2 protein chains.
Amino acid sequence: MDVWRIEREGYEPENATDNGNRFLIGNGNIGVRGTLEEYTANKLVAVNLAGIYDRAPGQTWREPINAPNPFFVQLEGQGAIIKHTQSLDIRHGLHHRETVYENAILTIERFCSMAEASILCQRISVQAKGKPITIITGIDSNVWDINGTHLVDYETELIDEVIKVSAITSELRIPITVSERCNHKENKIREIDNSVFRIFTTKENIVLDRIISINSELTSGTYDEKLKAHIEKWELLWSASEVKITGDKKAQLSLNYSIYHLHSIAPRHKDGLSIPARGLSGQTYKGAIFWDTEIFLMPFFTLTEPKMARRLMKYRINTLQGALDKAAYYGYQGAFYPWESQDGGLEGCTDFNVVDVFTNRPVRTHFRDLQIHISGDIVYALKKYIDWTNDDSILSDGGNKLIKASADFYLSRAFSRPGSDVLEFIDVIGPDEYHERVYNSAFTNRIAEYSLRQAGYDNKVRGYREIDGIIEQFDGYFDLEDVSLDTVRSRLVHPKEYWGTQGGVASTTQIIKQADVLALMQLFGDEFSDDKIKKNWEYYEPRTEHGSSLSACMYALGACRFGRADLAYPLFMKSARSDLDGGGKSWAGNIYIGGTHPAAAGGAYMIATQGFAGLHLKNGKPMLKPSLPEQFDSIEFPFIFANKNKTVSVTHKKAEIC
Amino acid sequence: MDVWRIEREGYEPENATDNGNRFLIGNGNIGVRGTLEEYTANKLVAVNLAGIYDRAPGQTWREPINAPNPFFVQLEGQGAIIKHTQSLDIRHGLHHRETVYENAILTIERFCSMAEASILCQRISVQAKGKPITIITGIDSNVWDINGTHLVDYETELIDEVIKVSAITSELRIPITVSERCNHKENKIREIDNSVFRIFTTKENIVLDRIISINSELTSGTYDEKLKAHIEKWELLWSASEVKITGDKKAQLSLNYSIYHLHSIAPRHKDGLSIPARGLSGQTYKGAIFWDTEIFLMPFFTLTEPKMARRLMKYRINTLQGALDKAAYYGYQGAFYPWESQDGGLEGCTDFNVVDVFTNRPVRTHFRDLQIHISGDIVYALKKYIDWTNDDSILSDGGNKLIKASADFYLSRAFSRPGSDVLEFIDVIGPDEYHERVYNSAFTNRIAEYSLRQAGYDNKVRGYREIDGIIEQFDGYFDLEDVSLDTVRSRLVHPKEYWGTQGGVASTTQIIKQADVLALMQLFGDEFSDDKIKKNWEYYEPRTEHGSSLSACMYALGACRFGRADLAYPLFMKSARSDLDGGGKSWAGNIYIGGTHPAAAGGAYMIATQGFAGLHLKNGKPMLKPSLPEQFDSIEFPFIFANKNKTVSVTHKKAEIC
């Protein structure tokens, strides 16, 4: 098994959506879905641009822009398909397709340059078998837009053999330009609608090298030179982040794949950006930044690339004003961070985030206004970043303001009962979104208390209730109907029904969407004995739908804590292979929520390093408490602690940090 | 126009449900739906018993019992219907039907004795036209049960010419017995299933007088003697309560009809009962007592029959333990009265009070747990009772305990923001049930504050916000979508959809179910200027669906306050004719909520006396502020104040209390 390569054989347009996620390439600035070159909008072709948000006409929210597709290639005269393979070199972010037709063999390599953030490259090879083959390639504007068309005022140009499509976004009038040069000059140019194509005809072999730039000048250099620089950059990234597993090639491949994705979407090219919940795989989830970044991605970057981790935190610091504005809008003090954060910290989450499948009406949801744990999650991630990097300069660089403002928010959002000074958080949503408007969510209360303490506030916060050592997820949770996941599922009338909100099948039961108490126990691991984690795991795991890709990681980490790597292992594989195996929830009501799952990838890294190897800080020092799956012989990885390069190596006999 | 009689011509089985409500007779102990004698269960035949609650097998709530129907009559050999009239003498509670068939004329009179609470009487006259007519009459067990069969272990008997059906309730094993004697002896007896019938055959005229008792011994006396005692009792009731309107016979009839209903359902026979929200018209709303009784019925009984009013208040005093238990269940102190109160103050309201029409699943509603204004409503009614009757003996007779316990409840239910001692009521439902889980409902906060003050507590309570003199119904109400009632209605996908709960069409708009701020302004009328009431009326009325029969009354009273009897008049007619005209909302989701509307009847009385005549207390004395509709020449009525009989008479020129 090649642990650096994934591939699928057979031409399968019916799987275009899953393959689009599975074979994604990206460089943090641009993400290109793994759709075949001949595909167009209806197969969800997207060249997704990081950090550029705009509102499509008639919509109430912004979403990221998909540029015109410069990787478009179509043949004529090639005949029927005999054999087809799509593959991805995950060591170097190289997408390949090879298709054997009756009259030609088509091979294409493409990549988003890791060395130059605005550059995409494509090499098209056609081996004709004597009959004339027409190759149409160019910049195709017929790309996926999930909620209406974003680009208007198109212009197509040909200047000095460079073809170019430019347009502007409809709301904010942001210019978008795609330029391309090709090494092969003998072509006709055809401009159709808003696209421009080169047309080649050959009876023999031909290789077309295409260099593309988006929103930037075309740089010089040949395809091979670009490829070399790109590979060198990838090798550098792996040298700081590769996790070597022996004894389990499938696990090795899966984890490599997860880390590949994390690298592909990290915005290394520019300050002021963070990583959207669906990476750069399209416009779903509005290209917004969720708590996923702080809780599930920060550990990877903190350990392997602290500069990148700092940048992610700086995004929150830089967007503090958005959080202050949001708090003020709701009548609170301080900083209430957006649930779905876009450019400038604008809240992208609407009040109606689900569409009812029966009435087609939007349903009022409370993710935006009641999921108040978000500010605390950010404070938590900031402090963890400092703990591992010792980079407390970030505090004076805006971190302290963020911490103070978050604490002020919680203080103003709290209530007390008459005659008591204990703060309670009434009417919130915890990580488990199937239960809206709950009181004293254990997770929320603890993260709020944490946030208050970091700012030096000593207000008492209602602790969590326990029965026989089981922490109640929120007030009254134990009184909800206690039925099996299968029973709840059997009550669905429509397959795309949303399980939460007032009429949802889970909302009145103990069935939860994702780790909630277990997430609490992971974030505040010091406060819970292994035995207590075990007890809570055994109670909550069977009641968890794992309807979010954030869920498996927390349960796996919990299982490692009480020495059950066998329970953690399938959850690790599920997390690591989330986008590889496809499937997963792609619908919330009638809203498509598919795309890649960076948090699952980050979670896989967390399970490998914090779970299986058991890396954690104790009294400010990195320590190990391994729980290695029997499938592994060893695990080894580098990490950075306080600016020093370290290496963890764990076998079944030995565990050490050097 | 006969202002004491209603009638419908034509045989209309398709209107059996509306007519069942329209022609209801009752005596406070027993209510008999106005269904024709030959009807059975599928036409909602019900002999509804006050204060006896039981759970049908498989149900989670109790509902009142319908006894076997002793008024059953069926003819054979009569031929086709030529003419049919059903009518009700509302002066004396006498139900009549006359049907001319090809071969016979059938006339039946029936009544629930106002003189003997367990006695029903029926006179059947058949004029045969020479052909043999068979008359089947008796006690028919095939009666309406809305949610499953309540009675089991039936026995049928014939002893000394008395026929008898007895059974027991399935949960609590309460015996139910119906006995009947008939003046005419020449009959055959037929026992079928759980019913027993007398069969007469005649070719001539025959009159059958039937005396029936339910759950009691059959008393002696002829039909005519029973009728005389019944009529005398009704005359006594009218002498204390008749409201005379000149100039508008339709209004006079309608108000007579309302008062007729109030008398028919008042439990004069026994301590410990109150009046259910659907009177004695069946099992809908579980036969439970709502705030309707305190806010919409108490004024009538307080002014016309203080002993009855005291009994209604005593019901709440006697069921205090149920309210203490409910508060304790939710973790609060004091008394949280049931939203739907049954025997012993048991909460009849379930957590799932609506069925979703699309999924057929019960939906979690919050009437039971969040409609906390109920305790304050009861305190309010108690104090008003004392203000009008000066009977403060009720305070030492349990009233003080009720007041203290209600205040304790509110205190424990309140929250404050850190650093503030102002109490807020978070997460409640006000009178407008289409908006669940709101903060600081203006109505709720004021009634809670009132309740606290009556117990001598001086805690501050968050006042209501105003914009340009308009009181905001609850925090954030003005931010909701401001669309017309028609627009909201046009969004319905299914005609029986419930408008409230998280996905309901009204829930995210300013469209409200019923008077809420206007109810506040009526209950605390002293605190608002006429001009302010006008402003709020003009804002809220177009935004009100009037989806509850409690709504029109409050708006009518408001309109009278600012001198617009013309606006009040149609609302008065709507209230007074609620059960006469039929229609109205009979469905909440898939749950049938039809039946009679005592609160609308009580509301009609309130509009006539407090609105049009403007009777109110000022500094403890009855005063008038009339606002007579132009349709009326005068209005005149007796009332009792502090044990003294008084009379109000109002014309367009003069208003006086003697």
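This report covers the domains and a sheet of chain A, the contact between the chains, and one helix of chain B. The model is predicted.

**Domains of chain A**

The domain assignment splits chain A into domain 1 (5-237) and domain 2 (242-581 + 591-657). Their C-alpha centres lie 35 Å apart. Across the boundary, 31 residues of domain 1 are in contact with 29 residues of domain 2. On the domain 1 side, the elements that give two or more residues are helix 1 (16-22) and strands 2, 3 (30-32), 4 and 5 of chain A. Strand 4 of chain A gives the most, with four residues.

**The sheet**

Strands 2 to 5 of chain A form an open sheet in the order 2-3-4-5, with antiparallel pairing. Strand 2 (25-26) and strand 5 (63-67) are the edge strands, and each pairs on one side only. Strand 4 (residues 47-54) joins strand 5 of chain A through four bridges. Here A:V47 stands opposite A:A67.

**Contact between the chains**

Chain B and chain A each give 24 residues to their contact. The table sets out two contact sides by residue class.

| Side | Nonpolar | Polar | Charged |
|---|---|---|---|
| Chain B, touching chain A | nine residues | eight residues | seven residues |
| Domain 1 of chain A, touching domain 2 of chain A | 15 residues | twelve residues | four residues |

**Helix 8 of chain B**

Helix 8 covers residues 373-389 of chain B. At 1.5 Å a residue, its 17 residues should span 24 Å, and its end C-alpha atoms are 24 Å apart, so the two values agree. Of the 17 residues, 13 are buried, so helix 8 of chain B is largely enclosed by the rest of the structure. B:N390 follows the helix, with a positive phi near 60°.

Conventions
Residues numbered from 1 in each chain as written. Chains lettered and ligands numbered in written order. Predicted model: local features only at pLDDT ≥ 70, side-chain atom pairs only at ≥ 80, totals over all residues. Expected span 1.5 Å × (residues − 1). Buried ≥ 20, exposed ≤ 12 C-beta atoms within 10 Å, placed from the backbone. Pairing = 2+ DSSP bridges. Contact = placed C-beta atoms within 7 Å. Nonpolar A, V, L, I, M, F, W, Y, C, P; charged D, E, K, R; others polar. Domains from an automatic or database assignment.
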